[in-house]
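Student: I would like a close look at a single part of this protein, please. Pick one stretch and walk me through it slowly.

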Amino acid sequence: MKTILRNFLFILRRFKMATTLNVLGLSIAFASFMVICMQLN
């Protein structure tokens, strides 16, 4: 588990722009999913 976490942090540091875009896209997708679910109810 420790090596997986260390590898993950290394990837985050190496590809900062790609990681930022991925996290941003994921948060926007989750927010729109929540809005759609609220509209359906």
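Tutor: Happy to; here is the setting, and after that a walk along one helix.

This is a predicted model, so local features need pLDDT of at least 70 and side-chain atom pairs count only at pLDDT 80 or more, whereas totals for chains, interfaces and linings use all residues. Residues are numbered from 1 along each chain as its sequence is written, and side-chain values use heavy atoms, with hydrogens and water left out.

The protein chain has 2 helices and 0 strands. Both terms refer to DSSP runs numbered from the N terminus: helices are H or I with at least four residues, and strands are E with at least two. The C-alpha trace spans about 45 × 25 × 5 Å along its principal axes. Of the 41 residues in the chain, 2% are buried. Buried means under 20% relative accessible area, exposed over 50%, and partly exposed in between, with a 1.4 Å probe and protein chains only.

Our part is helix α2, residues 16–40. Start with T19, which lies in this helix. T19 is buried because its relative accessible area is 19%. Leaving out residues up to four places away in sequence, T19 touches I11 and L12; contact means heavy atoms within 4.5 Å.

Next comes the surface. M17, L21, L24 and I28 form a nonpolar patch there, with about 440 Å² of accessible area together. Such areas come from the Shrake-Rupley method with a 1.4 Å probe, and for residues only the protein chains shown count as cover. A patch takes residues with over 30% relative accessible area and no salt bridge, joining like charges within 9 Å and nonpolar side chains (Val, Leu, Ile, Met, Phe, Trp, Tyr) within 5 Å. A salt bridge, in turn, is a side-chain nitrogen of Lys or Arg within 4 Å of a carboxyl oxygen of Asp or Glu. Here is a handy idea: an α-helix has 3.6 residues a turn, so residues three or four places apart point the same way. Within the patch, I28 counts as exposed because its relative accessibility is 53%.

L26 also belongs to helix α2, and this leucine counts as exposed because its relative accessibility is 63%. From L26 to M38, 12 residues along the chain, the C-alpha atoms are separated by 18 Å.

Finish at L40, again in helix α2. L40 is exposed because its relative accessible area is 70%. Its C-alpha lies 26 Å from that of V23, which is 17 residues away in sequence.
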